[in-house]
Amino acid sequence: DLSFNEEGEQICQNDVDVVLVMDRSGSMDEGTCYYSDGSTVENVTEGWCYWSGGSSYILNDPTRLMQSKEAAISFLGNLNALNDQSALVSYASTAFLDKELSIIHLDSNGSPSTETAVNALVAVGATNIGEAIEKATAELTSSGRTEATKNMILLTDGIANKPNGNGYDENPLDVAYAESEAAIAKALGYKIFTIGLGTGVNEDMLRNIASTVDDYYPAVDSDDLDNIYEQISQELCQ
């Protein structure tokens, strides 16, 4: 159900606890690799460029991480500043709880906010989706409120390749780890939305992680993210 605040903006009548689960692996910062023979390869990481013999590298502007940050912060602006709680878990080779659940979403009075934590993310490393879900579940369990709906929104542009894999190729053990952690969260009544950014994701895994197949959102490119987060904002109120 929706109600309206003093500015005429739609807000949820029910309280919401939501953990943003954001990919900060190296592929979230991609660019163009240039070679001495004049050839180029687009949408690769800087490390891969120089490993493959590239002579120079220019980062995309904006990168996937930049646009993911902007879309996440726009989503935070849709939350009720008095009643909803937000948190951030980010992940690469390992996952971290960057900001605990609180009603401080956007920077205003100098207090640590979810916005501050999102803006501080730096892309480097592989993709440990399972540990990210585990940490998000732990935060919802320890700090989530009885009266609030409990949710996580997981975004990735890659495949599960840690902690068991080599950090490059998808590892079946890491896929199983992510899906099993999602099953634990869903059994606790937590809602999971997943966003697959780009064409390099395992869509079957992301559908399995999501609470329903309709809670998986494919984003062809970063330009789709604002609309997807807006749709999820509306879904949170139902």
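User: Why is D204 called exposed?

Analyst: The relative accessibility of D204 is 52%, and a residue counts as exposed over 50% relative accessible area, as buried under 20%, and as partly exposed in between (1.4 Å probe, protein chains only), so D204 counts as exposed. This is a predicted model, in which local features need pLDDT of at least 70 and side-chain atom pairs count only at pLDDT 80 or more, while totals for chains, interfaces and linings use all residues. Residues are numbered from 1 along each chain as its sequence is written, and side-chain values use heavy atoms, with hydrogens and water left out.

User: What makes R207 and D204 a salt bridge?

Analyst: A salt bridge needs a side-chain nitrogen of Lys or Arg within 4 Å of a carboxyl oxygen of Asp or Glu, and for the side chains of R207 and D204 the N to O distance is 3.6 Å, so the pair meets the rule. Both residues lie in helix 6 (residues 203-209), three residues apart, about one turn of the helix; helices (H or I, at least four residues) and strands (E, at least two) are DSSP runs, numbered from the N terminus. R207 has 31% relative accessibility and therefore counts as partly exposed.

User: How many salt bridges does the rule give, and which parts does the one between R64 and D157 tie together?

Analyst: The count comes to seven salt bridges. In the one between R64 and D157, the closest N and O atoms are 2.8 Å apart. R64 lies in helix 2 (residues 64-76) and D157 in the loop between strand 9 and helix 5 (172-187), so this salt bridge ties together parts that are 93 residues apart in sequence. R64, at 23% relative accessibility, counts as partly exposed, whereas D157, at 5%, counts as buried. A network of salt bridges links E30, R64 and D157.

User: Why is the pair of W48 and W51 called tilted?

Analyst: Rings of Phe, Tyr and Trp (its six-membered ring) pair if their centres lie within 6.5 Å, and planes under 30 degrees apart count as stacked, over 60 as edge-to-face and the rest as tilted. The rule gives two aromatic pairs. The centres of the W48 and W51 rings are 6.3 Å apart and their planes stand at 50°, so this pair is tilted. W48 and W51 are three residues apart in helix 1 (residues 46-51), separated by about one helical turn. W48 has a relative accessible area of 35% and is partly exposed, while W51, at 68% relative accessibility, counts as exposed.

User: What makes F75 and Y229 a tilted pair, and are these residues buried or exposed?

Analyst: Their ring centres are 5.7 Å apart and their planes are at 45°, so the pair is tilted. F75 lies in helix 2 and Y229 in helix 7, so the pair ties together parts that are 154 residues apart in sequence. F75 counts as buried at 1% relative accessibility, and Y229 likewise counts as buried at 1%.

User: How do you know that strand 3 and strand 9 pair?

Analyst: Two strands pair if DSSP finds at least two bridges between them, and strand 3 and strand 9 (residues 149-156) have seven bridges in the parallel sense, so the rule is met. Within this pairing, M22 stands opposite L155 in strand 9. Seven bridges also join strand 3 to strand 7 (residues 85-91), and these two run parallel, with V21 opposite V89 in strand 7.

User: How many residues of strand 3 are buried?

Analyst: Eight of the eight residues of strand 3 (residues 16-23) are buried.
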